[in-house]
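Biologist: Hi! Could you walk me through this one? I'm new to it.

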Amino acid sequence: MQNNEELIIETSHLSFGFSKDKNVLNDIDLKIPKAAIYGFLGPNGAGKTTTIRILLNLLKPGNGSVSIFGKTVSGNPVDLFSRIGALIETPSLYEHLTGLDNLLITAKMRNIQKSRLLEVLNIVQLKSSGHLYVKDYSLGMKQRLGLALALLSSPDLLILDEPTNGLDPNGIIETRELLLHLSKDHGVTILISSHLLSEIEKLVSHIGILNQGKMLFQGTIEQLHEISQEQSIIEIDTNQNSLAIQILLDNNHIVKHGKEFLEVKYLDKYQLSDVIALLAKAGVAIYRIQLIESSLEQTFLSFVNN
Amino acid sequence: MMKLLSAELVKLKNTFALWLTVLGALFLPLLLFTTYLFEWKEFIPNAQVDPWYDYLLRTFNGCCFFSLGFILLIIGLILNIEHRANSWKHLFTMPLARGKLYFSKMALVVSVIILFFLLYFVFAIMSGHMLGFIQPALEFSRYALPNEYIFRFVLDFLVSIVPMIIVQYWISFRVKNLVISLGIGLFGLLMGLLLKNWDNIIYLPYATPFQMLNYKVTAVLNRQGFYWFNAVYSLLFLALGYQDFTKRFRG
């Protein structure tokens with residue numbers, strides 16, 4: 001991550017444990033630049049929600065510090081919260097009230113005009129259901145109402161903890177488009193947590209991978225693509241694998257015997273024709289040559305599983 | 001602060017707490033009304049005796065016995081709205097000082113309790129007037145309502161329950177399970193009632209209201225320390241609850 005970027009969220013050596021013996025977060029250094037859509041990834045129990053709770057001052061860190069909009073989060077940071085919209089785990093909804101009443105309560109507490117209520121209901125496509133009791137909402141509708149509550153104050157920073165939980169594929173796509181729109185057109189910085197990379201890889205500009213309370217990767221989505229590409233290989237099978245491996249090594253390819261085939265480290269698209277030409281020139285018959293690309297999901301899983 | 005209170009009022013819509021305030025206030029006056037109406041011969045006052053004092057004493061004693069349980073339930077139900085919605089985390093990430101949240105909800109609780117007592121006494125007094133109209137032998141119509149007697153009781157009783165309200169409010173935001181928070185409060189009331197005559201029982205906040213049983217104006221007013229003691233107790237619990245809510249409570 002570049003140092004000259006303005007950081008909206010920055011944590012330094014953040015640690016936390018529910019008991020003295022075991023930390024659930026260890027030395028977390030989050031760096032989220034302005035207008036980024038930061039995907040906070042990790043399997044269930046990795047520490048994502050705990051981190052988010054610390055960012056929002058709902059938990060006090062054992063060690064380290066949190067800074068949002070350049071100000072240290074401690075005590076009762078009222079000014080900071082006026083610029084933040086948050087959805088943590090399941091949305092906090094009063095089920096005995098209508099969707100509109102739920103929004104009205106937050107609007108009164110945040111001193112927001114009533115006209116904004118219908119705007120946000122429209123944004124999350126619940127305009128026709130605003131008068132219904134929340135207890136009659138589906139899981140997806142509740143999630144969208146939670147998102148509407150987070151958007152009510154037109155925040156500069158959105159912190160969303162698994163916001164697509166319970167949404168159908170259409171709902172996920174709509175949420176993705178909405179968040180992209182907020183980021184691109186309004187410069188809103190978004191922190192979105194998920195345990196599925198596939199769900200957010202088309203959305204995010206930055207990624208942080210957390211597992212067992214440790215930050216395993218943090219960078220741009222392009223950097224993750226590069227790592228992913230580095231794990232791609234070309235599988236080759238020939239009539240003379242020993243000769244083929246020698247030829248390829250002599251020509252500076254990184255090659256080894258795999259379980260079934262020869263495995264050449266993939267560098268770029270021109271490499272395939274080069275490999276074929278070399279082997280053909282030496283009279284080696286190629287039975288098989290295949291590019292095996294590592295997907296982002298596999299890269300993510302390799303981080304988590306290692 | 002008014003906007004916060006108005007937001008709190010919206011949360012009460014469609015809740016049992018609101019119905020309980022009205023129905024709980026109606027319960028004892030209705031019971032007294034029907035007893036006086038059907039057993040009226042038992043309640044005919046002696047000559048030159050004001051029936052209101054006897055009737056109001058029953059109302060006051062009923063208030064000491066029954067209203068406390070309703071108050072505990074009302075406090076529990078109001079705080080339970082937040083527990084059920086899992087909304088403390090939402091409230092704590094709003095641009096609001098925690099102290100404001102503490103006092104706005106406390107203001108709602110106190111307002112609902114005052115409404116409960118207001119309705120209770122309005123129903124009780126209306127019931128007395130109606131009894132006087134339906135059964136003139138009860139002589140309610142012959143004597144004026146002893147306003148000062150009522151005012152003194154209401155004042156003393158409200159002072160006596162303030163520490164209990166503050167402690168129960170603290171327990172109710174700390175304990176998510178309504179049955180447990182209510183159980184703690186009822187246990188306090190039971191102790192207060194069982195140990196009513198113990199010299200040191202006034203140190204238990206839940207016991208003070210029972211000192212108002214068989215209320216006599218002079219007896220209470222002679223205890224000058226009563227007001228000071230309750231004021232100090234109230235401020236102490238208010239400060240401790242506030243400290244806990246603003247510094248330690250994480251929802």
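Modeller: Sure! In this predicted model, chain B and chain A bury about 2,600 Å² between them, with 60% of that from carbon and sulfur atoms. Buried area is the accessible area (1.4 Å probe) that two parts lose on being put together, summed over both.

Biologist: How many residues of chain B are in contact with chain A?

Modeller: 28 residues of chain B are in contact with 28 residues of chain A, where contact means heavy atoms within 4.5 Å.

Biologist: Which residues form the salt bridge?

Modeller: A:Asp101 pairs with B:Lys13, and their closest N and O atoms are 2.8 Å apart. A salt bridge here is a side-chain nitrogen of Lys or Arg within 4 Å of a carboxyl oxygen of Asp or Glu. The rule finds one across this interface.

Biologist: New topic: which domains does chain A have?

Modeller: The assignment, which is automatic or from a database, gives domain 1 (7-221) and domain 2 (231-305). Their C-alpha centres lie 43 Å apart.

Biologist: How many residues does each domain give to the contact?

Modeller: Domain 1 of chain A gives 12 residues and domain 2 of chain A gives five. The two bury about 770 Å², 74% of it on carbon and sulfur atoms. On the domain 1 side, A:Leu197, A:Ile209 and A:Leu216 supply 48% of the buried area, more than any other three residues.

Biologist: And how many salt bridges between those domains?

Modeller: Zero.

Biologist: Thanks! Any ground rules?

Modeller: Residues are numbered from 1 along each chain as its sequence is written, and chains are lettered from A and ligands numbered from 1 in the order in which they are written. Local features need pLDDT of at least 70, side-chain atom pairs count only at pLDDT 80 or more, totals for chains, interfaces and linings use all residues, and side-chain values use heavy atoms, leaving out hydrogens and water.
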